[in-house]
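Biologist: Before we accept any label for this model, I would like to hear what each one rests on. Could you take me through the reasoning step by step?

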Amino acid sequence: MTVTPKPPGSRLDPEPVPRRDVLGLASIWSAAAALLFSLFGMLRLPKAAVLSSPSKKFRVTLPDTLPAGEALLPPGRSVAVFRDAGGVYAISTICTHLGCVVKPIPEGFECPCHGSRFAPDGSVTKGPAPVALAWRKVSGSGSTWIVDEGATVPAGAKVAS
Amino acid sequence: MKTAAPPPPAMREFWENLRAAPRRIVETAFRSGKPTTDRTRSTFVFGNVFLHLHSVRTHRWSLRWTTTMGLGIASLSAFLITLVTGVLLMFYYKPYPDAAYVSMKDIHFVVPTGRFIRNIHRWAANVMVVTVILHMARAFFTASYRKPREFNWLIGMGLLVTTLALSFTGYLLPWDQLAYWAITIGANIAQSPREVTDSLGITEWFDPGGLQRLILLGSDVVGAEALIRFYLWHVMILPLALAALIAVHFWRVRKDGGLARPADADQRLGPPPGETYPIFTEAPAKTYHLAAIVRGRTPLVGRGPENTVPSMPHLFYAELGVLMLTVCLCLVLALVSDAPLKELANPAVPENPAKAPWYFLGLQELVSFSAFMGGLGIPLVVLLGLGLIPYLDREEAGSGEWFGGPGGWPLVRASIALGLGASVVVEAVAIRFGWIREWFPKAPQLIVTLVNPGTVLALIYALYSVWLVRRYNSARAGALGLFTCFLCGFLVLTVIGTYFRGPNWVFYWSPADWPGH
């Protein structure tokens, strides 16, 4: 049996990757993957699963003397409740620009922070607000109504009183 | 006659050691003796974990007043002041709505020196914002961001952002009207990607804005959860991040070969005064041959240490001087002017006008055109542009020189004129004639978001900068123009936001014209 000697390799040839490098790289990458996964686990914590905010539903009594189209502002809530010939409706008073509280004015609403203006139906007429004020869900009859600040209804959806 | 038996040697040794203990504690704390010779001055620096962020020797160019104006050390000093005063304030501050406000009142009116400490804290924070911005301008205008200092420029930008974030989270804590509405506005800026996702109608499936707001506030309303989160950012996460970044920043200054200086700095400085800076007053115990194998153009290789002086005392005394000046400035400002504290937060009534501290009023002016572009889009583009500068400007001319590079000071002067002029004109048009919403009420929201005075201004600056690159055939010229314009725009927007905006963010020439309540 003849043994063919290996041709002498150039010292410039790349060295073959030894098996231990494979194991070493695998262990480094598995350590990196484990740390990455633990990071994802930690990132889950700051996103609250249950929000500690008070109930968004509340009861409001509309006085009979409330003029048509005039806003009633329930204290501690960020909606304006209206009654006109079409019925009862509630419009959010949170500016869609940066969350300031808008003020009802005869021409609609006005935001004190950056000067956005809204028409009486909540649509934007001026300023940086990107979308119209949201209409909130209203239910009830007579003079007692339930407003749900957490539920949005299409603009123009009035509930007959 | 009997003599007293001598005390056993162990006892004598014990007493002698006890007597010598204080001296030895000092000796062992400072690993070398008094820094009187070149060698002990060196060991004084590299034997100390804090000082060794400096190099052992400092080039004489770096010690010139006009090289740095001490701005970097001034911002570090301001940070140290806020650190000390901030810890003091934490003795009394309670991060819970309403209780926070009451504790601020306590600090203001009851706690011994409380008002003074809070004033210092507030003024040091302001000084820090100013010096960080000026320091950045210094590094830019002297072209000090170039190779090998590119990455340190990025770290510096991280420091700028962290500083602003610290200021923002700081003025939220008193839970007064300013704080409450600033949190509200800040959280809604975080939510403002909805402006785009709403226009595209994809918010239902893809809502990064809502997620950011939720994580920032920990709730869907601004309340106790939000306050404790901002408190955590302010007293723990951000200061730690800032301290780590500062350490790396300083370390990189040393590793990148000290401060940038012109190629002919040595000729311009002339020979060192003979007796003043003795070098190697004793036989060196170390050789500097290792320096010869350092790769790249490390400034010291082949030039020798001739124009350097020991950092101890020359650099450290200068730094101490800057620290003392900063302390004095903060103390005087704190004596002259009280930190503001408005009424207790009232979620029903925003302030009118609701104004952030001065350094955010430029941003507020931008968000008054579009929340997303002003609050996130343009700042991100500006940060991206600033971060890319050292990687786009790979030139060498003018490094270490004030306004160095093609164009020089005349170009900067022209850019100041253009930067101020363009921002004033764009603002004047928006104020006098309104913008797209007033001209075309039916324009789609995406157009209103993307084309607003802020983006138009940014576009003008960008086009001007591109034109400069072509005109001077130099990326540095474009960078000089862009950065100058950016500073001018920041200035104009800040001034307009501070002095010329009244209730409902309407333009007024003077607060005297504001309508009464």
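Modeller: In this predicted model, Asn473(B) comes just after α19(B) and takes a positive phi of about 55°.

Biologist: How do you know that the span of helix α19 of chain B agrees with its number of residues?

Modeller: The expected span is 1.5 Å times one less than the number of residues; for the 20 residues 453–472 of chain B this should come to 28 Å, and because the end C-alpha atoms are 28 Å apart, the two agree.

Biologist: Which residues of α19(B) are called buried, and what puts them on the same side?

Modeller: A residue counts as buried if 20 or more other C-beta atoms lie within 10 Å of its own, and in α19(B) the buried residues are Pro453(B), Gly454(B), Leu457(B), Ala458(B), Tyr461(B), Ser465(B) and Leu468(B). They cover an arc of only 140° around the axis, and therefore they lie on the same side of α19(B). In general, an α-helix has 3.6 residues a turn, so residues three or four places apart point the same way. The buried residues of α19(B) pack against α14, α15, α16 and α20 of chain B, whereas the face turned away from the buried side carries the exposed residues Leu459(B), Leu463(B) and Arg470(B).

Biologist: Turning to chain A, why are β4 and β7 said to stand at the edges of their sheet?

Modeller: The sheet is open, with four strands in the order β4-β5-β6-β7 (chain A) and antiparallel pairing. β4 (103–105) and β7 (124–126) of chain A each have a single partner strand, so one side of each is left without a neighbour in the sheet.

Biologist: What makes β4(A) and β5 of chain A a pair?

Modeller: Two strands pair if at least two bridges are found between them, and three bridges join β4(A) to β5 (residues 108–110) of chain A, the two running antiparallel; one of the bridge partnerships is that of Lys103(A) with Glu110(A) in β5(A).

Biologist: How do you know that the largest nonpolar core lies between two domains of chain B?

Modeller: This core has 120 residues, and those with the most contacts inside it include Ala90(A), Cys100(A) and Ala124(B). Helix α6 (residues 114–141) of chain B gives the most to this core, with 13 residues. Domain 1 and domain 2 of chain B both give residues to the core, so it lies between them.

Biologist: Which residues of chain B does Cys100(A) touch?

Modeller: Leaving aside residues up to four places away in sequence, Cys100(A) touches Trp181(B), Thr184(B), Pro350(B) and Ala354(B), and its contacts also include Cys95(A) and Cys111(A).

Notes
Residues numbered from 1 in each chain as written. Chains lettered and ligands numbered in written order. Predicted model: local features only at pLDDT ≥ 70, side-chain atom pairs only at ≥ 80, totals over all residues. Buried ≥ 20, exposed ≤ 12 C-beta atoms within 10 Å, placed from the backbone. Arc of directions from axis to C-beta. Contact = placed C-beta atoms within 7 Å. Core = buried A, V, L, I, M, F, W, Y, C linked by C-beta atoms within 7 Å. Domains from an automatic or database assignment.
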